[in-house]
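Reader: I should like to learn how the features of a protein model are read. Could we proceed from a single residue to the whole chain?

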Amino acid sequence: MQSAHSYKLSCTTRLLASLALSLAALSSATAAAEAVAPAAAVATAQAPDAFIKAITAEVFATVKADKAIQSGDIRKVIQVVDTKIMPNVNFQRMTASAVGRGWRQATPEQQKRLQDEFKTLLVYTYAGAVSQIKDQTVEYKPMRNRPEDTDVVVRTVVRGKGDPIQLDYRLEKAGDGWKIYDVNVLGAWLVQTYQSSFAQEVNASGIDGLIGKLVERNKQLAAKKVAG
């Protein structure tokens, strides 16, 4: 019988899958309109919404040009996710926020393991959707930020065959560019979604217990990818 904690983690993973597919959809909507910028230069001197468009346009172009990815080659898909999407995410901030008070209790080594396992979880989740890119459209809501702002929200709505998907990004200024540190899918912010289940695991089994739970979940996801 599935535990309450496992159920919450499973629900969160499904939420992330929606996010991954939605992020892939954004690239479909922007690829035809924008030149593909090199990944290392994507964030330089760009408005926040242009930053999001550029990342997803590059992902889409890569997928469309690679038959192996389209056929479901999981190693190639993970490589795309790990090299094209993940460098644009502030994992330390995202992981620390998701873990909450437990992060400050963790040793540097535990913090590194938490960050690594959380990143792996997101990579597997994104990989499950990148090869399923379809023809969706995206609406960008008007930006409300000022030029001097260093913390902004990019709000979008993704439309496809099903119901519209609200997809928002929290971005922080990082040098001359931007980093993603949280996402909102259908009204639920990713970090907040994880906080409850992570806190429950830390209270029950400590930081090492949370690390163990993430390791276990990533092994399950890896096995599913291999079997698939």
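Reader: Leaving aside neighbours within four places in sequence, which residues is T95 in contact with?

Author: Contact means heavy atoms within 4.5 Å. On that criterion, T95 is in contact with W103, L114, Q115 and F118, its neighbours within four places in sequence being left aside. T95 itself lies in helix α5; helices (H or I, at least four residues) and strands (E, at least two) are DSSP runs, numbered from the N terminus. Please note that this is a predicted model, in which local features need pLDDT of at least 70 and side-chain atom pairs count only at pLDDT 80 or more, whereas totals for chains, interfaces and linings use all residues. Residues are numbered from 1 along each chain as its sequence is written, and side-chain values use heavy atoms, with hydrogens and water left out.

Reader: Is T95 buried or exposed?

Author: Buried means under 20% relative accessible area, exposed over 50%, and partly exposed in between (1.4 Å probe, protein chains only). T95 has a relative accessible area of 1%, and is therefore buried. Across the protein chain of 228 residues, buried residues make up 44%.

Reader: Which residues touch the most other members of the largest nonpolar core?

Author: A nonpolar core is a set of buried Ala, Val, Leu, Ile, Met, Phe, Trp, Tyr and Cys residues joined through side-chain atoms within 4.5 Å. The largest one holds 46 residues, and L114, F118, Y169, L171, I180 and F198 touch the most other members. Elements giving two or more residues to this core include α5 (91-99), α7 (108-130) and β4 (177-185). Helix α8 supplies the largest share, 11 residues. As for I180, its contacts beyond four places in sequence include F51, I52, Y169 and L171.

Reader: How are the strands ordered in the sheet?

Author: Strands of a sheet pair through backbone hydrogen bonds, either parallel or antiparallel. Two strands count as paired if DSSP finds at least two bridges between them. Here an open sheet of 5 strands has the order β1-β2-β3-β4-β5, with antiparallel pairing. Because β1 (137-140) and β5 (188-189) stand at the edges with a single partner strand each, one side of each is left without a neighbour in the sheet. Between β1 and β2 there are 4 bridges, and Y140 stands opposite T156 in β2.

Reader: Which strands does α2 lie across?

Author: Axes are lines fitted to C-alpha atoms, for helices over the stretch in contact, and angles run from 0 to 180 degrees between N-to-C directions. Helix α2 lies across β1, β2, β3 and β4, and runs at about 80° to β4.
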